[in-house]
Amino acid sequence: MASLDDLKKRISSVKSTQKITKAMKMVAAAKLRRAQESAEKGRPYSDKMNNIILNLSGGISDIENAPKLLSGTGEDKIHLCVVMTSDRGLCGGFNTNIIKKAKLYFQKILDEGKILKIITVGTKGYDQLKRVYGDNIIERISFKESKNVNYFDADKVGKTVIEKFENKEFDVCVIFYNQFKNVITQIPQEQQIIPLKTTDEETNSSDDNYEFEPEEDEILSNLLPKNISTQIFKAMLENSASEQGSRMSAMDNATRNAGEMVDKLTIEYNRSRQAAITKELIEIISGAESL
Amino acid sequence: MSEEYSLEIVNPEKSFLLKDDVTEVVVPAYEGEIGILKDHISIISFLKPGIIKVFSKSGDDSYYVNDGIIEFKNNNLSILTSLILNLKDIDKGKISEIQKSAEEELGNSEISDQEKYLLDQKIEVLKSIN
């Protein structure tokens, strides 16, 4: 059995760990509220953008001449995956879940004999992917310095992607991120952004006649790059809300576990203290009896 | 008959402005300014850097925008923009900051004529504000 002193030390160390996790939980909760708010506020923009694009692409008759960002290069050889993770750890399964989802996709791509290229956003994703897919990673981006998620960061990522597309470095682009559902649930998502995927039910709503200024094609070719930045921005917002939510519940669990551990250790400590006292008493009594 | 319609301005961070008593909005569209009144035909257009003027029953406002897309449909005008500033409480320092970066970019020789045109526009508008 561990000595009383050892137990005391362990209890105090678990207690201070508990304090830290508790504080982290509080911070995450405060940040979560803000992140959630901005994720909700950001939705109208991306929704509107999507709507306009759907209206436009529904109106395009000449598929052949449609912008490449919409229709794709016509090939399906090189896949670019943008894996968006956090810059900080201690957030439960947040990063692992994205990576797991991404790895499944990578495996599928490689099994089909296609070429895989990866851009990692956030340092944690890079750390987890570099060992197996180090050769596939063509760029790593991190926004450790920026406090909040902002559009200009997303725009940077978007511009990088578009530049690579224009240089014909890839055919299909997929982004991976966590969608925020609630504090306990975050759903890892894969979303194809190039070529743009439109679902059938949505395209039906586009039978209105619009006046365009300038021409449709020009608007579309200007709008699509913006849409990519917007989608990435949306993913970043969802991701940051998910990260905070995930961290909050992870830290909540950690705090509770630490509490349980302290309870257990305290019982053990009290028992061994009692045992020591009893032992001493027995010694005194048997010493007195032998006189 | 009322002559009001509703206007929504959104930027990526949030819904910037929501008004439903707008009588006229003048936007700096790509091929010249457009004034939009009620029952305008459905239109989608681009904005170049410039000033949006909003006239409404509850007061008039002007905003500076960097770029944007407008969509008008069923008497709903949506303006999507990445950067918008209210001219009333504008920060002069911020304006000159944007102006400076635009001028720097203009000095870059690798930009296309179209970008040059847009940057010229931007600087002009910013000068007029300052």
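**Figure 1. Strand E4 of chain B, a mostly buried strand.** In this predicted model, 4 of the 5 residues of E4(B) are buried, so the strand is largely enclosed by the rest of the structure. Buried here means that 20 or more other C-beta atoms lie within 10 Å of a residue's own C-beta. E4(B) itself covers residues 43–47. What does it pair with inside its own chain? That would be strand E7 of chain B, residues 68–73, which joins E4(B) in the antiparallel sense over 5 bridges. To find your way along this pairing, look for B:Leu47, whose bridge partner in E7(B) is B:Gly68.

**Figure 2. E4(B) also pairs across the chain boundary.** Here the view moves to strand E6 of chain A, which spans 211–213. E6(A) and E4(B) run parallel, and 3 bridges join them. Which residue of E4(B) stands opposite A:Glu211? It's B:Ile43. So that you can place E4(B) between the two views: it has a parallel pairing with E6(A) and an antiparallel one with E7(B).

**Figure 3. The contact between chain A and chain B.** Zooming out a bit, the contact takes 22 residues from chain A and 21 residues from chain B. Three elements of chain A each supply at least two residues to its side: helix H1 (4–59), strand E6 (211–213) and helix H7 (216–289). Which of them gives the largest share? H1(A) does, with 9 residues. Sorted by class, the chain A side has 12 nonpolar, 5 polar and 5 charged residues.

**Figure 4. Chain A, a spread-out chain.** Chain A has 7 helices and 6 strands, and from the N terminus on they run α-α-β-α-β-α-β-α-β-β-α-β-α. Why call it spread out? The radius of gyration is 28 Å, well over the 19 Å that the globule rule gives for 291 residues, so chain A is more spread out than a compact globule. Along the principal axes, its C-alpha atoms fill a box of roughly 115 × 40 × 35 Å. Buried residues make up 33% of the chain. Among contacts in chain A with a separation of 6 or more, 79% come from residues 24 or more positions apart.

**Figure 5. Chain B, strands and then helices.** There are 9 strands and 2 helices in chain B. Read from the N terminus, the order is β-β-β-β-β-β-β-β-β-α-α. How does the radius of gyration of chain B sit with that of a compact globule? The value is 15 Å, and a compact globule with 130 residues would be near 14 Å, which agrees. The C-alpha box along the principal axes is roughly 55 × 30 × 25 Å, and 30% of the residues of chain B count as buried. Of the chain B contacts between residues at least 6 apart in sequence, 47% join residues at least 24 apart.

**Figure 6. The two domains of chain B.** The domain assignment splits out domain 1 (5–86) and domain 2 (92–129). Their centres, taken over C-alpha atoms, are separated by 22 Å. Where the two domains touch, the contact takes 5 residues from domain 1 of chain B and 5 residues from domain 2 of chain B. By class, the domain 1 side has 3 nonpolar, 1 polar and 1 charged residues.

Terms used: Residues are numbered from 1 along each chain as its sequence is written. Chains are lettered from A and ligands numbered from 1 in the order in which they are written. This is a predicted model: local features need pLDDT of at least 70, side-chain atom pairs count only at pLDDT 80 or more; totals for chains, interfaces and linings use all residues. Domain bounds come from an automatic or database domain assignment. Two residues are in contact if their C-beta atoms, placed from the backbone, lie within 7 Å. Ala, Val, Leu, Ile, Met, Phe, Trp, Tyr, Cys and Pro count as nonpolar, Asp, Glu, Lys and Arg as charged, and the others, Gly among them, as polar. The radius of gyration is taken over C-alpha atoms; the globule rule is 2.2 Å times the number of residues to the power 0.38. A residue is buried if 20 or more other C-beta atoms lie within 10 Å of its own, exposed if 12 or fewer, and partly exposed in between; C-beta atoms are placed from the backbone. Two strands pair if DSSP finds at least two bridges between them.
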